[in-house]
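Biologist: I would like to learn how to read a protein model. Could you take me through one, feature by feature?

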Amino acid sequence: MAQKLETMSKEERLERLRHSAAHIMAEAVLEMFPDAKLGIGPPIDTGFYYDFTLPRALTTDDLPVIEEKMRRRVESDVAFRHEEIAKDEARKLFAEQPYKLELIEDIPDEKVSLYRQGNFVDLCRGPHVERTGQVQAFKLMSVAGAYWRGHERNPMLQRIYGALFETEEELQSHLQQIEEAFRRDHRRLGRELDLFSFHEEYGPGLVYWRSTRSTGPGWSTGTLRAAACARSSRTSGGRSTIGPATSWCTRRTSAAPPCGRPAATWTSTRRACTRPWTWTGRTTTSNR
Ligand SMILES: [Zn+2]
């Protein structure tokens, strides 16, 4: 007889709940898009995800709709049933699901393990909870792109992330933490307080500091020096923006940089700066 959820460790309970929620979500998405192609749907640290190829791009407006369909499946409280079938039979069963067919070919055994809930069936080793009704405290969070099997040469799938915890209180506390993290997000605060910013077009993840004085290194000298300060520009307000040495210069200009480096290397378009620039203590030369 199957082990009862209550007798398991919290870790195992959560893993089963999260993985089961992924199956319920796949069923809901398949109802919404009957042509959906299903990737994989594992449990993760705070919940679950499932990857899909869909006829259109999902937006966050789709998430409550999918979530509502999931809740209906939870209310119907159907059992998760485990089955094992021959590989050939599985190939027929998943004939319309190319990603599943690919996974079937990677299974070394002659038998293939499946889980069913209601009319939905997924290729899966499990384990799951006993019934859909046990999946309660969840919320769909976001949509992201994900390459099939994590490889950039493979198709890009749409990944829906969900959060799931054992109790509604735990879920709410997790959602609050996310909200707090957003409120304290340094990328947003840095921009809003005019301290620093990030610019994808000049190099993802690189910090552009704002000097608090119109001349001299100003704010956080040490950090600016450490960043080697390969780029600087002065705004009309007289404040400088300092970028890291690996940043890209996308603006063409005839002005020479403040360090005396030839304009040619300064103006190279979308090329990482290869020459170290010694900090001069002033960033007042405009590169516009
Ligand atoms: Zn599964």
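Biologist: How do helix 1 and helix 2 cross, and at what angle?

Modeller: Remember that this is a predicted model. To read a helix pair, look at the distance between the axes and the angle of crossing. Here the axes of helix 1 (residues 10-32) and helix 2 (residues 62-76) come within 9 Å. They cross at roughly 120°. Helix 1 and helix 2 are therefore oblique to each other. The crossing is right-handed.

Biologist: Which residues make the contact between helix 1 and helix 2?

Modeller: Helix 1 brings Ile24, Met25, Glu27, Ala28, Val29, Glu31 and Met32. Helix 2 brings Val65, Ile66, Lys69, Met70, Arg73 and Val74. Sort the residues of this contact by type: nine are nonpolar, four are charged and none is polar.

Biologist: Let me stay on helix 2. What does Glu67 touch, leaving aside its neighbours within four places in sequence?

Modeller: Glu67 lies in helix 2. With those neighbours set aside, Glu67 is in contact with Lys139 and Leu140. Now compare sequence with space. Glu67 and Leu140 are 73 residues apart along the chain, yet their C-alpha atoms are separated by 6.4 Å.

Biologist: Is Glu67 buried or exposed?

Modeller: Count the C-beta atoms around the residue. A residue is buried if 20 or more others lie within 10 Å, and exposed if 12 or fewer. Glu67 has 16, so it is partly exposed.

Biologist: Try that count on Arg187. Is Arg187 buried or exposed?

Modeller: Arg187 is found in helix 6 (residues 186-192). It has 12 other C-beta atoms within 10 Å, so it is exposed. Check a distance here too. The C-alpha atoms of Arg187 and Gly205 are separated by 9.8 Å, and the two residues are 18 apart along the chain.

Biologist: How can I check the length of a helix, say helix 5?

Modeller: Compare the expected span with the distance between the end C-alpha atoms. Helix 5 (residues 168-183) has 16 residues. At 1.5 Å a residue, it should span 22 Å. Its end C-alpha atoms are 23 Å apart, which agrees.

Biologist: How many residues of helix 5 are buried?

Modeller: Zero of the 16, so helix 5 lies largely in the open.

Biologist: Now the loops. What is the phi of Asp77?

Modeller: Look for a positive phi in a residue other than glycine. Phi of Asp77 is near 50°, which fits that description. Asp77 sits in the loop between helix 2 and strand 4 (80-86). It has 13 other C-beta atoms within 10 Å, so it is partly exposed.

Biologist: And what is the phi of Arg149?

Modeller: Near 60°, again a positive value in a residue other than glycine. Arg149 lies in the loop between strand 7 and strand 8 (156-165). With 16 C-beta neighbours inside 10 Å, Arg149 is partly exposed.

Biologist: Where is Pro127, and is its peptide bond from Gly126 cis or trans?

Modeller: Read omega for that. The bond from Gly126 to Pro127 has omega near 0°, and it is cis. Pro127 lies in the loop between strand 6 (120-123) and strand 7 (137-147).

Biologist: Step back to the chain. How many helices and strands are there?

Modeller: Eight helices and 12 strands. Of the 288 residues, 26% are buried. Then look at contacts with a separation of 6 or more. Residues 24 or more positions apart account for 59% of them.

Note on methods: Residues are numbered from 1 along each chain as its sequence is written. This is a predicted model: local features need pLDDT of at least 70, side-chain atom pairs count only at pLDDT 80 or more; totals for chains, interfaces and linings use all residues. Helices (H or I, at least four residues) and strands (E, at least two) are DSSP runs, numbered from the N terminus. The expected span of a helix is 1.5 Å times one less than its number of residues. Axes are lines fitted to C-alpha atoms, for helices over the stretch in contact, and angles run from 0 to 180 degrees between N-to-C directions. Angles under 35 degrees count as roughly parallel, over 145 as roughly antiparallel, 65 to 115 as roughly perpendicular and the rest as oblique. A crossing is left-handed if the near helix is turned anticlockwise from the far one by less than a right angle, and right-handed if clockwise. Two residues are in contact if their C-beta atoms, placed from the backbone, lie within 7 Å. Ala, Val, Leu, Ile, Met, Phe, Trp, Tyr, Cys and Pro count as nonpolar, Asp, Glu, Lys and Arg as charged, and the others, Gly among them, as polar.
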